Amino acid sequence: MALGFVRPARPEDAAEIARIQLATWRVAYRRLLPRHVLENLDEAWLARRWDAAVRQPPGDTHRVLVAVEQAEQSYLVGFAASGPVDAEALAPNEPADALGTGVVAVTDLLVEPRWGRRGHGSRLLAASVDLWRESGFTRALAWVFEGDEASRKFLGAAGWEPDGAGRALDVDDMLVPQLRLHVAVPTEAGEPGEPAAPPADAPAAPPAEAD
């Protein structure tokens, strides 16, 4: 019987996080982003970025979590990253203070496709919400591609809704539309926004940068 759990990422996880990121993007975004962009992403460069994010986060509330499937062996199967909102969370021409205080942004929520529909995405989201609540965040945001129906469905099942903001991500001269979702951080476990066990996992959440 396989068991799954979530824990904070460690520096030695960086290479595997990068591998999962590339594997997931190349499946989830193959119809959304140019093929050559996905094929030319540098796994080693991504691993260095994740190593830095884990070792030297910008602040105490910037967090990277990993999902682990444990059977006869343990496998890293997904990860989530979040932190206080910054300029990357803003819509075009949106004032710097438009989002207010107490807002956290999800920059990544990925489960490798071959490990999908086993509850890993749900556990990552629930564990993230627990940490947001402890840190005093009251609202969470995430940008998703308009064409990423799986991520929109997953987050929608947890109570996330569009907040009316949109933008187009410039990926090698190709404009890919995105919309911003938001949800209130529940004050207690089990409230809307923190799924106990949604039926499906999120295959991907969009990167802040795709090049």
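**Figure 1. Helices α1 and α3 cross with their axes within 8 Å of each other.** In this predicted model, helix α1 spans residues 14-28 and helix α3 spans residues 43-55, and the angle at which their axes cross is roughly 125°. Because angles outside the ranges for roughly parallel, roughly antiparallel and roughly perpendicular count as oblique, α1 and α3 are oblique to each other, and their crossing is right-handed. On the α1 side the contact is formed by A14, A15, I17, A18, R19, Q21 and L22, which meet E43, L46, A47, W50 and D51 of α3. By class, the residues of this contact between α1 and α3 comprise eight nonpolar, one polar and three charged.

**Figure 2. L155 is a buried residue of the protein.** The view is centred on helix α5, which covers residues 149-157 and contains L155. L155 has a relative accessible area of 7%, and it is therefore classed as buried, the cut-off being under 20%. When neighbours within four places in sequence are left aside, the contacts of L155 are with L109, L125, A142, V144, W160 and L181. For one of these partners, L181, the C-alpha atom is separated from that of L155 by 8.3 Å, although the two residues are 26 residues apart along the chain.

**Figure 3. N93 and D172 have positive phi values although neither is a glycine.** Most residues other than glycine have a negative phi. N93, with a phi of about 65°, lies in the loop that links β3 (74-84) to β4 (103-111), and at 82% relative accessibility it counts as exposed. D172 has a phi of about 55° and is placed in the loop between β6 (161-171) and β7 (174-184), where, with a relative accessibility of 45%, D172 counts as partly exposed.

**Figure 4. The setting of these close-ups is a protein of five helices and seven strands.** Read along the sequence, these elements follow the pattern β-α-α-α-β-β-β-α-β-α-β-β. Of the 211 residues in the protein, 46% are buried, and the accessible surface comes to about 10,700 Å², with 51% of that surface belonging to carbon and sulfur atoms. Among contacts in the protein with a separation of 6 or more, 74% are accounted for by residues 24 or more positions apart.

Terms used: Residues numbered from 1 in each chain as written. Predicted model: local features only at pLDDT ≥ 70, side-chain atom pairs only at ≥ 80, totals over all residues. Heavy atoms only, no water. Helix = DSSP H or I, 4+ residues; strand = E, 2+ residues; numbered from the N terminus. Buried < 20%, exposed > 50% of the residue type's maximum accessible area, 1.4 Å probe, protein only. Contact = heavy atoms within 4.5 Å. Areas by Shrake-Rupley, 256 points an atom, 1.4 Å probe, with all protein chains shown as cover. Axes fitted to C-alpha atoms, helices over the stretch in contact; angles between N-to-C directions. Parallel < 35°, antiparallel > 145°, perpendicular 65-115°, else oblique. Left-handed = near helix turned anticlockwise from the far one by under 90°. Nonpolar A, V, L, I, M, F, W, Y, C, P; charged D, E, K, R; others polar.
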